[in-house]
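Open your viewer and keep the selection panel at hand. This tour goes stop by stop, with something to select at each one.

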Amino acid sequence: MNLFVEGILWALDPSHYGGRNGIETRVEQHLLISLGVLAVASLIAIPLGYAIGHTGRGRSLAIGVSGAIRALPTLGLLIIIALIVNVGLLAPFIALVVLAIPSVLAGAYAGFEAVDRRAIDAARAVGMTELQIVGRVEAPLGLPLLIGGLRTASLQVIATAVLADYVGGGGLGHFIFLGLKTNDYPQMLAGSIIVIVLAIASEAVFSIVQRLVVPAGVSAGRPQDVRVRSTRSRTAPG
Amino acid sequence: MIEFCSVTKQFPGGTLVVEDFSLVIPSRKTTVLVGSSGSGKTTLLRMINRMVDPTSGRIEIDGEDTALLEPVALRRRIGYVMQNSGLLPHLTVINNVATVPVLNRVPKKQARQDALLLLDTVGLDRSLADRYPSQLSGGQQQRVGVARGLAADPNILLMDEPFGAVDPIVRAELQTELLRLQTELDKTVVFVTHDIDEAFLLGDQVVILEKGGRIAQVGSPTEILSAPATDFVATFIGADRGKRELSIRSSPSGDILVDADGRAAGVLIDSAGGPAL
């Protein structure tokens, strides 16, 4: 029996479910951490990205800073933060938010930049305020790219959130770090496999959402496949 | 009445697009600004609704200095129709037309009702109401653009080369429609084009612009055609090439009008409407 099969069997073993260190508990923690990180990163990066995309100012600064942040090794960052704020969930949470911000930021401003300038000019010319242009024109038209940014961020965060347990923050890292310490490779592998499954599931969910948010008028094609009712039933773009 | 009082516009970088421009645009008439690229005609148009602010000088609407008006409020009471329709791609035709009334907090149902009436006004079938701009032809999109421009029932309608991107047949159709609309609606229309024939067709007052927004000549089409003020105007309207000097020539199939080069330009009909004999 090879190691890979052992890992799968470990993940399916009923005795590894239930209790504080049960797989389902750890999955739940892992997902909660990831969602929380995405939410906080979005709160920071989306308004910032919208501001950059709308005004066209600060773009090169944002690219530079994003690049620098992306180059930071998350493990190193985690340890530095943990030394400052102590062990627990806060340090990995901050490190993961820092990891997620560049992708979300890029999605937000790229979405705005992709909007046809003439549509924005027209919106302004008929008397929309700048906020209305953002809310009624740029945000809906830029949404697919923003979701794309969230998709990338989500993948990175789910994969990297195993580090949380390195400093006692919980999540699926538990099985990997425990397995490593005790030479229990099936357990390590089981942890990895579950993380991979979550990552693939996240990709699947986001790719569906990404299709759903393409505005109907943009995906609606040539006159021969006209939908007379304003359904938002969606065909995949291009 | 819209009045430009020695308006100058210098873009950042120093290009002087419009220099010391003064003009009175009468109410309830169509004024056409015509000139080649670089004549500043679009800039002049966009200064009326403050999409562009002048570097110096004043623009008054019915005696009110527009610089003192809030741009957003000003734009909502001025209709604007642009080239390539400028429709919002994610909104249906009806919602595009109702954009401004909805911004002005007209109840949604009412705005929708009014928008349907406007589709009738611009000659669009109501069955198109729930389609998206990408599902319409260029001519239909342009009609939707006009309907949107009229939605807030503005006194002033600004049109920036609205028929520039459609084919000649559709363009002629839209031009005729605009003439019909204008007799019905009686708006102050300011129209920008580089097509002198379009200018003569639509304009009560035609303003021929040279580089830097200098006025070469202002007048009715008749005045300009009968007495071009300068060589530039003569060249621009084609008078120097004999395009405007028509004469009758007999041909086996009947009399035709030819220009100075002898090219056929049309047929002569008598005032009763039939072909001249």
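From the N terminus on, how do the elements of chain A run? They run α-α-α-α-α-α-α-α-α-α. Keep in mind throughout that this is a predicted model.

**Stop 1: chain A as a whole**

Select chain A and show it as a cartoon. You will find 10 helices and zero strands. Turn the chain along its principal axes: the C-alpha atoms fill a box of roughly 65 × 45 × 25 Å. Now colour by burial. Of the 238 residues in chain A, 42% are buried. A contact map adds another view. Take the contacts in chain A between residues at least 6 apart in sequence: 71% of them join residues at least 24 apart.

**Stop 2: a helix pair in chain A**

Select residues 3-12 of chain A, which form helix H1. Add residues 185-212 of chain A, helix H9. At what angle do these two helices pack? The angle is about 75 degrees, and the axes are 7 Å apart. Angles of 65 to 115 degrees count as roughly perpendicular, so H1(A) and H9(A) are roughly perpendicular to each other.

Show the side chains where the two helices meet. From H1(A), the residues include Leu3(A), Phe4(A), Ile8(A) and Trp10(A). From H9(A), they include Tyr185(A), Leu189(A), Ile193(A) and Ile194(A). Colour this contact by class: there are 11 nonpolar residues, two polar and one charged.

**Stop 3: Ser34(A)**

Move to helix H2 of chain A, residues 23-55, and pick Ser34(A) within this helix. Is Ser34(A) buried or exposed? Ser34(A) counts as buried because it has 26 C-beta neighbours inside 10 Å, and the cut-off for buried is 20 or more.

Which residues does Ser34(A) touch, leaving aside those up to four places away in sequence? Select Ser154(A), Val157(A), Ile158(A) and Ala161(A) to see them. For a distance check, draw a line from the C-alpha atom of Ser34(A) to that of Ile80(A). The label should read 20 Å, for two residues 46 places apart along the chain.

**Stop 4: where chain A touches chain B**

Bring chain B into view and select the contacts between the chains. On one side are 25 residues of chain A, and on the other 24 residues of chain B. Stay on the chain A side. The elements that give two or more residues here are H6 (117-125), H7 (130-160) and H10 (216-219) of chain A. Which element gives the most? H6(A) does, with seven residues. By class, this side of chain A has 16 nonpolar residues, five polar and four charged.

**Stop 5: the sheet of chain B**

Hide chain A and look for strands in chain B. Six of them form an open sheet with mixed pairing, in the order E6-E7-E8-E3-E9-E10. Find the edges: E6 (78-82) and E10 (214-219) of chain B each pair on one side only. On average, neighbouring strands in this sheet are turned by 15 degrees against each other, direction ignored.

Zoom in on E6(B) and its partner E7(B), residues 156-160. These two strands run parallel, joined by five bridges. Pick Val81(B) and you can trace one such pairing: its bridge partner in E7(B) is Met159(B).

**Last stop: the domains of chain B**

Colour chain B by domain. Domain 1 takes in 1-25 + 35-77 + 187-243, and domain 2 covers 245-277. How far apart do the C-alpha centres of these two domains of chain B lie? They lie 35 Å apart.

How values were computed:
Residues are numbered from 1 along each chain as its sequence is written. Chains are lettered from A and ligands numbered from 1 in the order in which they are written. This is a predicted model: local features need pLDDT of at least 70, side-chain atom pairs count only at pLDDT 80 or more; totals for chains, interfaces and linings use all residues. Two residues are in contact if their C-beta atoms, placed from the backbone, lie within 7 Å. Helices (H or I, at least four residues) and strands (E, at least two) are DSSP runs, numbered from the N terminus. Ala, Val, Leu, Ile, Met, Phe, Trp, Tyr, Cys and Pro count as nonpolar, Asp, Glu, Lys and Arg as charged, and the others, Gly among them, as polar. Two strands pair if DSSP finds at least two bridges between them. Axes are lines fitted to C-alpha atoms, for helices over the stretch in contact, and angles run from 0 to 180 degrees between N-to-C directions. A residue is buried if 20 or more other C-beta atoms lie within 10 Å of its own, exposed if 12 or fewer, and partly exposed in between; C-beta atoms are placed from the backbone. Angles under 35 degrees count as roughly parallel, over 145 as roughly antiparallel, 65 to 115 as roughly perpendicular and the rest as oblique. Domain bounds come from an automatic or database domain assignment.
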